[in-house]
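Here is a short tour for anyone who likes to read a fold from its core outwards. Have the structure open beside the text and follow along.

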Amino acid sequence: MKRFKAYDPPEYQEWRCEEGVLEGFCACLEADEARAAVIAGLGWEALEGLYRGLLRARLHDIALKRWVKMGVITKAWLATGEEAVTVGSVHALRREGVERDVVGPMIRNAAACLEMGIPARQMFALYLGTTETKAQGRDLHIGDLDYGVVAPVSHVGSLQPVMVGAALAFKMQRSARVAMTWVGDGSTKTGEFHEGANMAAALHLPIVIFIQNNQVALGTRTETHQKGDFLAFAEAYGMRGERVDGNNVLDVYAASALAVARARRGEGPTLVVAETFRMGGHATHDEAEGRRLFDADVFASWGRRDPIGVFEAWLTTCYAGPVGAGVEDSAAGRRARLEAIEAEVDAEMEAASEAALAARADHEPSPEALLDGVYV
Ligand SMILES: Cc1ncc(C[n+]2csc(CCOP(=O)(O)OP(=O)(O)O)c2C)c(N)n1
Ligand SMILES: [Mg+2]
């Protein structure tokens, strides 16, 4: 994809697929037989869908970062480098119809909202705090049950028991719906995460819980706040645990699809530990501090494994199935198709952010509405 000097982390600016990176990506796809079978069953259209989702996530963040630089907003929480965790998992869900699954995304999982169908314009309007959103300009934590998205509150970990409650409701209704949620490595230190995880396992509920280990929580590296293996939580609570390469969208997708299928069959919850890396700061305000938390070679090593760049390389040179109609089956033909998708997604994000911004002046919340919905 096109790289941006003003917005991309330095490791992504001249990104090329270096020797060994694609080999590592492919080896991961072969490492687990069940996951390999899921990936083998993915057609070109589904792969394009994943690619589109990754681009949407990255370009959504870049648009926000541009707004920060322009002074439109003061800061934004981005998921640069972590896109595959969210996109790969959400694509394993049923995302349409009344029987759609539900997700509980944290701020690092904005892509879950987009992939569940919340229009990008809504996402941008939320950052502008306008009345164009269900939150009526009060909160930038986005959710919309019409799209199967439960809005989080700011308190990390609190969403876990809420999503476990959704899964309990599905079980009681004998519905085949599944709940999915994500918790950061740091947020696993909350009591609510553990209460939720235990209840999910004890009641054998249809939920997939991701621990998104991006190696850091605000300014605290994971190695300083977690001594044991995150997977041990699965064993402790008595539920199935899986580890995925969070920079490999296909590995995430395959593990998620298997976990979702088990949950639908009544086989209970799965805890998935996704290893990935935060390529920037906690938000745009502390990028410089964020980069000082790790040695440059740590950034370099994760930067080589940009989830979008490697997936592009795999799609152009490794995928062996039939390509879609109208796509010339050569490396150049596939690359041209990916570029066309990028142009579409770029136009979608540009139009959405411009429309939200243009509507801003007409949708400022009124001071009189400040106490609406406040009961105490
Ligand atoms: C209960 C609670 N404590 C503290 C905070 C402040 N806080 C916001 S994000 C964050 C770090 C979260 O780290 P992690 O769970 O690893 O998620 P990441 O930001 O890395 O995606 C903290 C401590 C909060 N929002 N809620
Ligand atoms: Mg973290």
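In which sense do E3 and strand E7 (residues 270–275) pair, and over how many bridges? In this predicted model, E3 and E7 pair in the parallel sense, over 6 bridges. One useful landmark in this pairing is Val-208, whose bridge partner in E7 is Thr-270.

**The sheet around E3**

Now for the wider sheet. It is an open sheet of 5 strands in the order E1-E2-E3-E7-E6, with parallel pairing. Strand E1 (102–104) and strand E6 (240–245) stand at the edges with a single partner strand each, so one side of each is left without a neighbour in the sheet. From one strand to the next, the twist averages 20°.

The table collects three of the strand pairings.

| Strands | Sense | Bridges |
|---|---|---|
| E2 (residues 179–184) and E3 | parallel | 6 bridges |
| E3 and E7 (residues 270–275) | parallel | 6 bridges |
| E6 and E7 | parallel | 6 bridges |

Individual residues help to place these pairings on the screen. Gly-184 has Gln-212 in E3 as its bridge partner, and Trp-182 stands opposite Phe-210 in E3. Thr-270 in E7 is the bridge partner of Val-208, and Thr-270 is also the bridge partner of Arg-240.

How much of E3 is buried? Strand E3 (residues 207–213) is mostly covered, with 7 of its 7 residues buried. In a regular strand the side chains alternate between the two faces of the sheet. In E3, both faces are covered: one side carries Ile-207, Ile-209, Ile-211 and Asn-213, the other Val-208, Phe-210 and Gln-212, and all of these are buried.

**Helices that link the strands**

Two connections in this sheet are worth tracing by eye. E2, helix H9 (residues 191–202) and E3 make a right-handed β-α-β unit. E6, H12 and E7 make a right-handed β-α-β unit as well.

On the way from H9 to E3 there is a backbone detail to look at. His-204 has its place in the loop between H9 and E3, and its phi is near 55°, a positive value in a residue other than glycine. Most residues other than glycine have a negative phi. With a relative accessible area of 38%, His-204 is partly exposed.

**Helix packing**

Helix H12 (residues 249–264) also meets two further helices, H4 and H2. The axes of helix H4 (residues 44–70) and H12 come within 11 Å and cross at roughly 115°. That makes H4 roughly perpendicular to H12, and the crossing is right-handed.

The axes of helix H2 (residues 21–30) and H12 come within 9 Å and cross at roughly 15°. H2 is therefore roughly parallel to H12, and the crossing of H2 and H12 is left-handed.

Another helix to pick out is H5 (residues 83–90), which is mostly covered: 8 of its 8 residues are buried. Among these buried residues are Glu-83, Thr-86 and Ser-89, along with Val-85, Val-87 and Val-90.

**The magnesium site**

Which protein residues are donors of the magnesium ion (ligand 2)? They are Asp-185 (OD), Asn-214 (OD1) and Val-216 (O), which lie 2.0 to 2.2 Å from the ion. In sequence, these donor residues follow the spacing D-x28-N-x1-V. The pair of Asp-185 and Val-216 links distant parts of the chain: Asp-185 is in the loop between E2 and H9, whereas Val-216 belongs to strand E4 (residues 216–217), 31 residues apart.

Are Asp-185 and Val-216 buried or exposed? Both Asp-185 and Val-216 are buried.

Just past E4 comes another residue with an unusual backbone angle to inspect. Leu-218 lies in the loop between E4 and strand E5 (220–221) and has a positive phi of about 50° although it is not a glycine. At 52% relative accessibility, Leu-218 counts as exposed, since the cut-off for exposed is over 50%.

**Looking back**

To tie the views together, return to E3: this strand pairs with E2 and with E7, and 7 of its 7 residues are buried. From E2, the loop towards H9 holds Asp-185, one of the donors of the magnesium ion. From E7, the sheet continues to E6 at the edge, and H12 joins E6 and E7 in a right-handed β-α-β unit.

Methods: Residues numbered from 1 in each chain as written. Chains lettered and ligands numbered in written order. Predicted model: local features only at pLDDT ≥ 70, side-chain atom pairs only at ≥ 80, totals over all residues. Heavy atoms only, no water. Buried < 20%, exposed > 50% of the residue type's maximum accessible area, 1.4 Å probe, protein only. Helix = DSSP H or I, 4+ residues; strand = E, 2+ residues; numbered from the N terminus. Pairing = 2+ DSSP bridges. Right-handed = clockwise from strand over helix to strand, strands pointing away. Donors = N, O, S within 2.8 Å, 3.2 Å for Na, K, Ca; no water. Axes fitted to C-alpha atoms, helices over the stretch in contact; angles between N-to-C directions. Parallel < 35°, antiparallel > 145°, perpendicular 65-115°, else oblique. Left-handed = near helix turned anticlockwise from the far one by under 90°.
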